[in-house]
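User: I should like a close look at a single part of this protein and at how that part sits within the rest of the fold. Please give one connected account.

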Amino acid sequence: MQPTMKEKILDAAERRVRRAGFSEMSFRDLASDVGIKSASVHYHFPTKFDLGDALVERYAENFADRLEAIDQTSLKAALDGYVALYADALVLGESICLCAIMGAEAMGMPGNVNARTTAFFTMNTDWLEGLFEAQLGDRRADEAAMIVSALEGAMIVASVSQDRAFFERTARTALRFAEAPRA
């Protein structure tokens, strides 16, 4: 099934935002990317913030689908699968997690876009808390928040420093901390 023009615009926007940031993306660039006039982009997304809202919504839905597919037969397998989602999003010199970008630019975003970005992070911490509860009998909210924050931040630092090993070290350390027995 061929993607609709709206989907093509969202694909192009996601690539641009994940590479250079939301503030750097323009409707003119998107129009050029998909071979239409800028006014046609506005037809699908009247404002840039409407596009941002739709981008985060779609990204979160796709991420949720991938979360559901993670093998949860063991805590280690599930956490490794979770980290793999972030590792897949990190392509040095090309992209990081869309919501890492949107979160970093939150001060310039309207409330609806920030609410969707916040919901993405909440979905992630809730998923991890549920995993900890199912596997360990303890929701471990602090550990869930730390893992999400560590992975998002590590992607940003690894991207800036062009050092994927930084992300990998951070992920390993976060998982060791989260899996450790509580005192």
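The request and the reply below concern one helix and its surroundings.

User: Please examine helix 7 (111–136). Which of its residues are buried, and which helices do these pack against?

Analyst: The model is a predicted one, and what follows should be read as a description of that prediction.

Helix 7 has 26 residues, and at 1.5 Å a residue the expected span is 38 Å; the C-alpha atoms at its ends lie 36 Å apart, which agrees with that expectation. Directly after the helix comes glycine 137, which has a positive phi near 75°. Glycine 35, just after helix 2, likewise has a positive phi, of about 75°.

The buried residues of helix 7 are Val113, Thr117, Phe120, Asn124, Thr125, Trp127, Leu128, Glu129, Leu131 and Phe132. They pack against helix 4, helix 5, helix 6, helix 8 and helix 9.

These contacts belong to a wider setting. The largest nonpolar core of the model holds 59 residues, and Leu128 of helix 7 is among those with the most contacts inside it, together with Leu51, Tyr82, Ile147 and Phe167. Helix 7 is one of the helices that each supply at least two residues of this core; the others are helix 1, helix 2, helix 4, helix 5, helix 6, helix 8 and helix 9. The most is given by helix 5, with nine residues. In soluble globular proteins, nonpolar side chains tend to be buried together.

Tyrosine 82 shows how helix 7 meets this core. Leaving aside residues up to four places away in sequence, tyrosine 82 touches Asn124, Trp127 and Leu128, and also Phe63, Leu67, Ile70, Ile147, Val148 and Leu151. Asn124, Trp127 and Leu128 are buried residues of helix 7.

Two of the helices that pack against helix 7, helix 4 and helix 5, are also joined to each other by a salt bridge. Aspartate 88 pairs with arginine 66, with the closest N and O atoms 3.0 Å apart. Aspartate 88 lies in helix 5 and arginine 66 in helix 4, 22 residues apart, and the pair thus links distant parts of the chain. Aspartate 88 is partly exposed at 48% relative accessibility, and arginine 66 is partly exposed at 38%.

Helix 4 has a further link, to helix 1. The side chains of glutamate 14 and arginine 58 form a salt bridge, 3.1 Å from N to O. Because glutamate 14 is in helix 1 and arginine 58 in helix 4, this pair ties together parts that are 44 residues apart in sequence. Glutamate 14 counts as buried at 12% relative accessibility, and arginine 58 is buried as well, at 18%. Both residues take part in a network of salt bridges that links Asp11, Glu14, Arg18 and Arg58.

Helix 9, another packing partner of helix 7, carries a salt bridge within its own length. Glutamate 168 pairs with arginine 164, with the closest N and O atoms 3.6 Å apart. Because they are four residues apart in helix 9, about one helical turn separates the two. Both are partly exposed: glutamate 168 at 36% relative accessibility, arginine 164 at 27%. Across the whole structure, the search finds 13 salt bridges.

Definitions and conventions: Residues are numbered from 1 along each chain as its sequence is written. This is a predicted model: local features need pLDDT of at least 70, side-chain atom pairs count only at pLDDT 80 or more; totals for chains, interfaces and linings use all residues. Side-chain values use heavy atoms; hydrogens and water are left out. A nonpolar core is a set of buried Ala, Val, Leu, Ile, Met, Phe, Trp, Tyr and Cys residues joined through side-chain atoms within 4.5 Å. Buried means under 20% relative accessible area, exposed over 50%, partly exposed in between (1.4 Å probe, protein chains only). Contact means heavy atoms within 4.5 Å. The expected span of a helix is 1.5 Å times one less than its number of residues. A salt bridge is a side-chain nitrogen of Lys or Arg within 4 Å of a carboxyl oxygen of Asp or Glu.
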